[in-house]
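Colleague: I am new to this one and would like to understand the words used to describe it. Could you show it to me and take me through the reasoning?

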Amino acid sequence: MARDPQDSIVGMDLRSWPRPLPTSLPEASRGPFVARCEALQAVAGGMSLRAAAAAHGVDARTLSSDVVKATQT
């Protein structure tokens, strides 16, 4: 049985992962980028995917995709 990617990310410390500075992004992309990073950090902290998406204003499908990508690195 395949492991749920959300389970794989719980407990990871994402703060040390390389990522661009929000100020290096186009202004229109900064807010969504920060929200997605915060939502991903919330999932890693144990929050459910739906709760993290709702709390940070991110589409749950987008956050789910981000979780999968994060576990593939």
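Modeller: Gladly! Let us start with Asp 66, which lies in helix 4. Please keep in mind that this is a predicted model.

Colleague: What makes Asp 66 buried?

Modeller: The relative accessible area of Asp 66 is 11%. Buried means under 20%, so Asp 66 is buried.

Colleague: Which residues is Asp 66 in contact with, leaving aside its neighbours within four places in sequence?

Modeller: With those neighbours left aside, Asp 66 is in contact with Arg 36 and Leu 40.

Colleague: And what is Leu 40 in contact with, again leaving aside its neighbours within four places?

Modeller: Leu 40 is in contact with Ile 9, Leu 14, Leu 63, Asp 66, Val 67 and Ala 70. Leu 40 also belongs to the largest nonpolar core, which has 15 residues. Together with Ile 9, Val 43, Leu 63 and Val 67, Leu 40 touches the most other members of that core.

Colleague: Which helices each supply at least two residues of this core?

Modeller: Helix 2 (27-44), helix 3 (49-56) and helix 4 (60-71) each do so. Helix 2 gives the most, with 6 residues.

Colleague: Let me step back to the whole chain. What pattern does the chain follow along the sequence?

Modeller: The pattern is α-α-α-α, and the chain has 4 helices and 0 strands. Of its 73 residues, 26% are buried. Among the contacts with a separation of 6 or more, 53% are between residues 24 or more positions apart.

Colleague: Now the helix pairs. Why are helix 2 and helix 4 called roughly perpendicular?

Modeller: Their axes come within 10 Å and cross at roughly 70°. Angles of 65 to 115 degrees count as roughly perpendicular, and helix 2 and helix 4 are therefore roughly perpendicular to each other. Their crossing is right-handed.

Colleague: Which residues make the contact of helix 2 with helix 4?

Modeller: From helix 2 come Arg 36, Ala 39, Leu 40 and Val 43, and from helix 4 come Thr 62, Leu 63, Asp 66, Val 67 and Ala 70. By class, the contact of helix 2 with helix 4 has 6 nonpolar, 1 polar and 2 charged residues. Arg 36 and Leu 40, the contacts of Asp 66 named earlier, are both part of it.

Colleague: What makes helix 3 and helix 4 oblique to each other?

Modeller: The axes of helix 3 and helix 4 cross at roughly 120° and come within 9 Å. The roughly perpendicular range is 65 to 115 degrees and roughly antiparallel means over 145. An angle of roughly 120° fits neither range, so helix 3 and helix 4 are oblique. The crossing of helix 3 and helix 4 is right-handed.

Colleague: Where do helix 3 and helix 4 meet?

Modeller: Leu 49, Ala 52 and Ala 53 in helix 3 meet Ala 60, Leu 63, Ser 64 and Val 67 in helix 4. The contact of helix 3 with helix 4 has 6 nonpolar residues, 1 polar residue and no charged ones.

Colleague: How do you know that helix 2 is roughly antiparallel to helix 3?

Modeller: The axes of helix 2 and helix 3 come within 9 Å, and their crossing angle is roughly 150°. Over 145 degrees counts as roughly antiparallel, so that is the word for helix 2 and helix 3. Helix 2 passes helix 3 in a right-handed crossing. Ala 35, Glu 38, Ala 39, Ala 42 and Val 43 in helix 2 meet Leu 49, Ala 52 and His 56 in helix 3. These residues divide into 6 nonpolar, 1 polar and 1 charged.

Colleague: One last pair of words. Why does Leu 21 count as exposed, and why does Val 34 count as partly exposed?

Modeller: Leu 21 lies in the loop between helix 1 (5-9) and helix 2. Its relative accessibility is 59%, and exposed means over 50%, so Leu 21 counts as exposed. Val 34, in helix 2, has 31% relative accessibility. Buried is under 20% and exposed is over 50%; 31% falls in between, so Val 34 counts as partly exposed.

Colleague: How far apart are Leu 21 and Val 34 in space?

Modeller: Their C-alpha atoms are 9.6 Å apart, with their positions 13 residues apart in sequence counted as the separation.

Note on methods
Residues numbered from 1 in each chain as written. Predicted model: local features only at pLDDT ≥ 70, side-chain atom pairs only at ≥ 80, totals over all residues. Heavy atoms only, no water. Core = buried A, V, L, I, M, F, W, Y, C linked by side-chain atoms within 4.5 Å. Buried < 20%, exposed > 50% of the residue type's maximum accessible area, 1.4 Å probe, protein only. Contact = heavy atoms within 4.5 Å. Axes fitted to C-alpha atoms, helices over the stretch in contact; angles between N-to-C directions. Parallel < 35°, antiparallel > 145°, perpendicular 65-115°, else oblique. Left-handed = near helix turned anticlockwise from the far one by under 90°. Nonpolar A, V, L, I, M, F, W, Y, C, P; charged D, E, K, R; others polar.
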